[in-house]
Amino acid sequence: MRDYHGIIFAYHDEPALRDLTANRTAASLPFCSRYRLIDFALSSLRNAGILDVGVIMQRDYQSLLDHIGSSKAWDMSRKSGGLRMLPPFGLPQYHTGNYNGTMEALNAVSTYIRRIPQKHVVLLLGNMAANIDLDAVIRQHEKAGTDATAICSEGGPETSHNRYILGEDGLVKYIDLFRTGNWVGIPSLEGYVFNKDKLLELMDICQARGLYRFHQDAMTYFLYEIGGKMDVYIHHGYARIIRSVDEYYEASRDALTPAVRHELFPADRPVRTKIHEHVSTYYGEQAASRNSLVGDNCIIEGEIEDCIVFSGCKVGPGAKLRGCILMRNCVVEAKARLNFVIADKNSHFSANSVLVGSPKLPTVVPKDAKI
Amino acid sequence: MKKSCIAMLLAGGQGSRLYALTQNVAKPSVPFGGKYRIIDFPLSNCANSGIDTVGVLTQYKPLQLNSYIGTGQPWDLDVSDGGVYILPPYLGAHEQGSWFTGTANAIFQNLAFIENYDPENVLILSGDHIYKMDYAEMLREHLEHDAALTIAVQQVSLEEATRMGIMNVGESGYVEEFEEKPKHPKSDLASMGIYIFNWKKLRQYLIEDDADPNSSKDFGKNIIPNMLKNGEKLWPFRFKGYWRDVGTITSLWDANMDMLSTTLINLYDPEWPISSRSPVCPPHYTGKNAEIIHSIVTEGCEIEGRVENSVLSASVRVGEGAKVLYSVLMPGAVVEPGAVVEYAIVGENTVIKAGARVGTEPDGSEGWGVATCGPDITVRAGAVVPAGAMLYTGEEV
């Protein structure tokens, strides 16, 4: 057994994800024709041999519970240890409202964290599309011998990130909060390897001072007040934290590029997911499918281009789809035309219907909608 | 625990008429229809029919079959008071063990397994048939007609009947005569090799048959004729749906092509799913210039070229400008840019290098046939594999 325990934050329901998180958390957002975002965190842990994992959730977790099930898909259904879903149970005040921040979420499950038999915890976001090699992270962490290692991206300046600025010793010296644009520092992917006792100390001080945020409160205390030592691990592959419809749409489209897809789904670190497909996808006599990702169990008789199609979808003859995401079991009837549409599960588009969004502002169609 | 019916699946056949495809694996674990292996059909039928205890009799190259079946979880057969069991031949401490010498002998050697469940009836299945059948329906008829044995039968043409085991049914509706490959068939009801026996009766017949040195220990040749001779009640269960034996290259290719038509056999029916162990690959990707027409494609595939009237298994790659027509590509097969694969079966992980040609369309000549490449072969760039060819693993092409 590895001396590491996984904690996944799956409680976020980001307002900017609008209808997509009406009934689910960002972590259970369907992604890339067959996955949910949380599959990346679960698979990263599984591929590093970390099978003892707590998933912090708070509200709208029906779809998350349904997806994870017994956690067999990630080999986390164990006789001892394995995966635990963690609803708020620490203190009564956590049962209402949203968690204000990560430290509050951790404190809400503090009894669980105190009982973790391992000495180290790996903290990961449930709503990130990235295949992180945690084996490599842990190797580097052990070599550095620090209290913590932050998982960071070499990534570009285009989205807002917390950034770490390193000192001469190569360890973190300063933290810059939510910077957008071309600033100095290394963007954080908000994943950490932490010494458990040190993390408990941070949780305790935040509790005592009424603080609840991870980066603003806990990390500033850790870095500036107690001089905590933190190393930085750079993840070189693709990584996107999904907090808005734009980010979701962009990351989905990115996966159409072979290079991105191979970084997200490398053969030696497979992304595992719950399996419900029993049958292949059928392409009809008039079908055309260009630059698209398609799940199993679909019947494609129309034309799709630059699309992400989840399993169980039907695209009727003469239908034309461009730049669309169709989640599970959507039906697009004959001759319908959809451009730049994100259709949530079970949406139905009747024959000849037309719906046009734009690449910058895709139209989101909520679950079970009939058009 | 007492069971009403358990299943015994005969998966020990060598499948010698599939040549290169069964060079290293048993016939039931040959990939089929995109997502499946042949054995998925009887296993899924069992699960869907509510039969939760299945013994799988293996003896020929069972390694891949064993690891494929595993705990039986993909078919929901991982239950605590039953499940799926791999039953290889074994040696006892005192008695002499041996390979299974016939279909009846295979069951006889596993009397102890069956007695463990003390079932009222035993369903005997083959591991090389493609079909969807509700065994619960068959069991209901079996019990209703108080039969010692119920045999699934299908109507065939009289010409086909000369190559099959034919049941002659009397006025009572029970089977009165069984003829193996009759020259002049008296009936068109062919046995499908699917039997439900009353276990007490079968047990007695197996023990008697084992003691007979002249018996070839076969259900069709010995057990069924003996039961008829003794006047046991044999009921024919008439099955009308799709059913194919896939024991030869041609029949395997034909049945794969049938999977492109939902009117022959509907694999999309959520009421009767055929399940399989999934490799969990990313969704399939169709490239900017891909053309896919009247074909089935599944997870892990990357298609840049043209695919027409074909069945593609998981993780198949078809390069830019390559053509795959009327072909069956097994898991991990690669067709490099510019290569052409026509009327062919390409085995697991076989690579057809750039510009190579495998198979040709039917030209009416006598020598024409489906070209077959076994698994793990590399067909060199520009090489030509003619129609009807059979390439074995390890051969240089």
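Before anything else, a note to self: I count two strands as paired if DSSP finds at least two bridges between them. I also keep in mind that this is a predicted model.

**Entry 1, strand β4 of chain A.** With that rule in hand I looked at β4(A) and β5(A), residues 83–86 of chain A: four bridges join them, and they run parallel. Across this pairing I found G54(A) opposite R84(A). I then traced how the chain gets from one strand to the other. It leaves β4(A), passes through helix α2 (residues 62–68) of chain A and arrives at β5(A), a right-handed β-α-β crossover.

Next I checked for another neighbour of β4(A). Strand β1 of chain A, residues 4–9, pairs with β4(A) in the parallel sense, again over four bridges. Here I8(A) is the residue facing V55(A).

Are the two faces of β4(A) covered or open? I jotted down a reminder that side chains in a regular strand alternate between the two faces of the sheet. In β4(A), V53(A) and V55(A) sit on one side, G54(A) and I56(A) on the other, and all four are buried, so both faces are covered.

**Entry 2, helix α6 of chain A.** I tried a length check on α6(A), residues 196–209. Its 14 residues at 1.5 Å a residue should span 20 Å, and the end C-alpha atoms are indeed 20 Å apart, so the two agree.

At the N-terminal end I found a cap: a side-chain oxygen of N195(A) lies 2.9 Å from the backbone nitrogen of D197(A). After the helix comes G210(A), with a positive phi near 70°.

Which elements do the buried residues of α6(A) pack against? Those buried residues include L199(A), L200(A), L202(A) and M203(A), and also K196(A) and K198(A). Their packing partners in chain A are α3 (102–108), α4 (110–115), β6 (120–125), β11 (186–195) and α7 (214–225).

**Entry 3, where the chains meet.** I moved on to the contact between A and B, which takes 34 residues from chain A and 32 from chain B. The two chains bury about 2700 Å² between them, 52% of it on carbon and sulfur atoms. On the chain A side, H278(A), S280(A) and Y283(A) lose the most area to chain B, together 22% of what that side buries.

I also followed an open sheet of eleven strands, in mixed pairing, that has members from chain A and chain B; β16(A) is followed by β14(B) in its order. Its edge strands are β28 (363–365) of chain A and β29 (378–379) of chain B, each pairing on one side only. Within it I looked up β20 (317–318) and β23 (334–335) of chain B, which pair in the parallel sense over two bridges. There R317(B) has V334(B) as its bridge partner.

Conventions. Residues are numbered from 1 along each chain as its sequence is written. Chains are lettered from A and ligands numbered from 1 in the order in which they are written. This is a predicted model: local features need pLDDT of at least 70, side-chain atom pairs count only at pLDDT 80 or more; totals for chains, interfaces and linings use all residues. Side-chain values use heavy atoms; hydrogens and water are left out. The expected span of a helix is 1.5 Å times one less than its number of residues. Buried means under 20% relative accessible area, exposed over 50%, partly exposed in between (1.4 Å probe, protein chains only). Contact means heavy atoms within 4.5 Å. A polar contact is a pair of N or O atoms within 3.5 Å; within protein, one must be able to donate a hydrogen and the other to accept it, and residues adjacent in sequence count only if both atoms are side-chain atoms. A crossover is right-handed if, with the strands pointing away from the viewer, the path from the first strand over the helix to the second runs clockwise. Buried area is the accessible area (1.4 Å probe) that two parts lose on being put together, summed over both.
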